[in-house]
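Please work through the following exercises with the sequence and the model at hand. Each task is followed by a solution in steps.

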Amino acid sequence: MHWSSKSLALLTLSLSATVLVGPLMAEKAPRGVPTITVPANDAAWRESIEQELRGNILPFWIKHTVDHERGGFYGEITNDLKVDKNAVRGALLTSRILWTYSSAYSRYKDPAYLEMAKWAYDDLIKVYWDNEYGGLYWTASADGKPMRRDKQIYGQVFGVYALSEYYRVTHDQAALDKAIQIYRLVEEHAKDPVNGGYFEGCSREWKREGAKARNVTGGKGTKTQNTHIHILEAYTNLLRAWPDEGLKKSHRDLIEVLITKIVDPKTHHLILFLSDDFKPQGTDISYGHDIEFSWLLTEAADVQGDAALKERAKAVALDIAAVTLAEGVDTDGSLFYESEPGGKTDEHREWWPQAESAVGFYNAYQLSGDDKYRQTAMREWGYIEAFMVDHKNGEWFRARTKAGKVVNREAKVSLWKCPYHNGRSCLELLERLEKTSAAR
């Protein structure tokens, strides 16, 4: 696959037109510690978000990650922009790039974003699609040969999420057909007919693997909150593109499982790891997943269109936001990574919980009108601009320590590190801030 001359011209034009300087670029405090600057008002905040998205995140992935020789994307790039051309690649990264640029094109109609989405779509279908059994392989070699071929449900539903978004902006029926095919395979083979919810994975042939079908992130249970919340966002997006009654019921059933079996009603935290019958497997807490789920739940209820469900979702989301604010937000506005009832177990600041908390807390403000949530979201954005954004080499660092040191062992581009969390955070915040402004 190669960019056409016309596409390259559009790309060059887009990059030159969108490289902007944000109003919240962090000034260096003594000893090299960035200064956190909170946006003065909503207008300044919107400007900062817009410039971060179009001047940093979106141009970075187009400029640095596209493999023009072999197709697809490089599997790993370090913080100082060293490319590992032999790194293993994954369908997850391609799917997340596909969603990001499809969604960005939906908002801005920039041809370069559509070209990037098409590049990702071609990679997903040509490299990762299993032509024999359906669904997506998990990984491929740098030159595009399938490697890990089992069907991780986490990876499958990101395909649904991305393909349905691509269909929404291109009306390419083949993309929607693939999304529907994955959905049906997941429903047939990964849905638990006894206890409800979904298992973590299947073999390449879509056979249940029992104890082997563990969470790809190394979890302790045969079911996880992580996979369930991403099935939810995928089904929500597919429902927008394909309002099928069977899908709507599966989507509604999943909301019920999440509210009644995965959210702990006493602590208002998600239970991270669970057995087949939803018994907790550990006491770990992930603040990023909690606050991310809070807004994904209200989004899902909105798409369902049921007034009573919306009220239930609102109550659950606000309970989660209140607990996350009380327990998970540090004095600098950032979100802790993980905890247990006895205390924090990981105080690193990963890029994705910061991105999700800005949206989640602003969502709580929209639901409640309580300005403390708006202020928390703005403080989080100030932390992001000062600490997570790489103002030298572009994009965001994957992680910093509590003291603010960049964790350089974590690559800037990898199977997991992608433009989806931070890109989506910007897109969501812009839309929400615009709605707030229009309502005034």
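**Exercise 1.** Determine whether Glu-395 is buried or exposed, and compare its setting with that of His-171.

*Solution.* Step 1: Glu-395 counts as buried because its relative accessibility is 0%; buried means under 20% relative accessible area, exposed over 50% and partly exposed in between, with a 1.4 Å probe and protein chains only. Step 2: Glu-395 is found in the loop between helix H12 (371–388) and strand S13 (399–400). Helices (H or I, at least four residues) and strands (E, at least two) are DSSP runs, numbered from the N terminus. Step 3: Glu-395 has a positive phi of about 60 degrees, although it is not a glycine. Most residues other than glycine have a negative phi. Step 4: His-171 likewise has a positive phi of about 60 degrees without being a glycine, and its loop lies between helix H5 (153–170) and helix H6 (173–189). His-171 counts as exposed because its relative accessibility is 59%.

The model is predicted: local features need pLDDT of at least 70 and side-chain atom pairs count only at pLDDT 80 or more, whereas totals for chains, interfaces and linings use all residues. Residues are numbered from 1 along each chain as its sequence is written, and side-chain values use heavy atoms, with hydrogens and water left out.

**Exercise 2.** State which residues touch the most other members of the largest nonpolar core.

*Solution.* Step 1: A nonpolar core is a set of buried Ala, Val, Leu, Ile, Met, Phe, Trp, Tyr and Cys residues joined through side-chain atoms within 4.5 Å. Step 2: The largest such core has 128 residues, of which Trp-45, Trp-61, Leu-98, Tyr-101, Leu-238 and Phe-293 touch the most other members. Helix H5 gives the most to this core, with eleven residues. Step 3: Beyond neighbours within four places in sequence, Tyr-101 is in contact (heavy atoms within 4.5 Å) with Ile-57, Leu-58, Trp-61, Ile-62, Tyr-113, Met-116 and Ala-117.

**Exercise 3.** Explain why Cys-426 forms no bond with the closest cysteine sulfur.

*Solution.* Step 1: A disulfide is a pair of cysteine sulfur atoms within 2.5 Å. Step 2: The closest cysteine sulfur to that of Cys-426 belongs to Cys-418 and is 13 Å away, so it is too far for a bond. Step 3: Cys-426 is buried, with a relative accessible area of 0%, and Cys-202 is also buried at 0%. The structure holds zero disulfides.
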